[in-house]
Amino acid sequence: MSWNDEKVAKLKELWGKGNTASQIAEIIGGISRNAVIGKAHRLNLSAKIKTRATSANQNFKSTNEDLRIKSRRGKRSKFKSLIIEKDFEPENPKQLEQLDDNSCKWPIGHPNEKSFYFCGRTSLKDFSYCKLHLLYAYQPKGKKEDAGEKDDVQNYINKKVQTG
């Protein structure tokens, strides 16, 4: 199949209207979708359809981005509120040999560094971590388990302890 001026003009017109390559191939007839895509690329029409697709999906992408930012902000604010409360016992830095069943085993730093240690706070019953590190280690699966406000943090911790 060869592209004549009439088919090229029809391709440009349909492409400009935002038709898909499959629709254009069907309308022109006797050509494949891939032939339409190839010719559009050689005519530098690709950028136009991408711009259209990008603007059409922009609202969807920005909505997803907004949700991700909001959920990140939510997690950050939860942890900030926990840290602001400062009701955690102070860290009790311990080396591996010093750890026992009641010590928080959250690693601090990199094992190859001399300053590496474990948190050492009192761990919660049936867990390897203290209250703070338990919140980091066990993230909620869905929105139902998500700790919302300051008041919900203790309930969230209790729920995690019970289900663990």
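In helix α2 (residues 21-28), the residues A21, I24, A25 and I28 are buried, where buried means under 20% relative accessible area, exposed means over 50%, and partly exposed covers the values in between (1.4 Å probe, protein chains only). These residues cover an arc of only 100° around the axis, which puts them on the same side of α2; the arc is that of the directions from the helix axis to the C-beta atoms. Helices (H or I, at least four residues) and strands (E, at least two) are DSSP runs, numbered from the N terminus. The buried residues of α2 pack against α1 and α3, and A21 offers an example. Setting aside its neighbours within four places in sequence, A21 is in contact with R33, V36 and I37, contact meaning heavy atoms within 4.5 Å. After α2 comes G29, with a positive phi near 80°.

A word on the model itself is useful here. This is a predicted model, in which local features need pLDDT of at least 70 and side-chain atom pairs count only at pLDDT 80 or more, while totals for chains, interfaces and linings use all residues. Residues are numbered from 1 along each chain as its sequence is written, and side-chain values use heavy atoms, with hydrogens and water left out.

The neighbouring helix α1 (5-17) can be read in a similar way. It has 13 residues and reaches 18 Å from its first C-alpha to its last, close to the 18 Å expected at 1.5 Å a residue; the expected span is 1.5 Å times one less than the number of residues. Which residues of α1 are buried? They are V8, L11, L14 and W15. Because they cover an arc of only 135° around the axis, they sit on the same side of α1. The face turned away from this buried side carries the exposed residues D5, E6 and K17. Just after α1, G18 takes a positive phi of about 95°.

One of those exposed residues has a charged partner. K17 forms a salt bridge with E13, and the closest N and O atoms are 3.2 Å apart. A salt bridge is a side-chain nitrogen of Lys or Arg within 4 Å of a carboxyl oxygen of Asp or Glu. Side chains of opposite charge can pair when their charged atoms come close. K17 and E13 are four residues apart in helix α1, so about one helical turn separates them. K17 counts as exposed, at 57% relative accessibility, whereas E13 counts as partly exposed, at 37%. A search of the whole structure finds one salt bridge.

The buried sides of these helices lead to the largest nonpolar core, which has eleven residues: L11, L14, W15, A21, I24, A25, I28, I31, V36, A40 and L45. A nonpolar core is a set of buried Ala, Val, Leu, Ile, Met, Phe, Trp, Tyr and Cys residues joined through side-chain atoms within 4.5 Å. Two or more residues of this core come from each of α1, α2 and α3 (33-42), and α2 gives the most, with four residues. In soluble globular proteins, nonpolar side chains tend to be buried together. In α3, the buried residues are V36, G38, K39 and A40.

The end of α3 has a feature worth a closer look. N44 follows α3 and lies in the loop between α3 and α4 (46-85). Its phi is near 60°, a positive value in a residue other than glycine. N44 counts as exposed, at 65% relative accessibility.

Further along the chain, D101 lies in the loop between α4 and β1 (107-108) and counts as exposed, at 70% relative accessibility. The C-alpha atoms of D101 and S123 are separated by 8.0 Å, although the two residues are 22 apart along the chain. H133, by contrast, is found in helix α5 (residues 131-137) and is buried, with a relative accessible area of 5%. Apart from its neighbours within four places in sequence, H133 is in contact with C104, W106, I108, C119 and R121.

Taken as a whole, the protein has six helices and two strands, running α-α-α-α-β-β-α-α from the N terminus on. Of its 164 residues, 28% count as buried. Among contacts between residues at least 6 apart in sequence, 45% join residues at least 24 apart. The protein exposes about 11700 Å², of which carbon and sulfur atoms supply 50%; accessible areas come from the Shrake-Rupley method with a 1.4 Å probe, and for residues only the protein chains shown count as cover.
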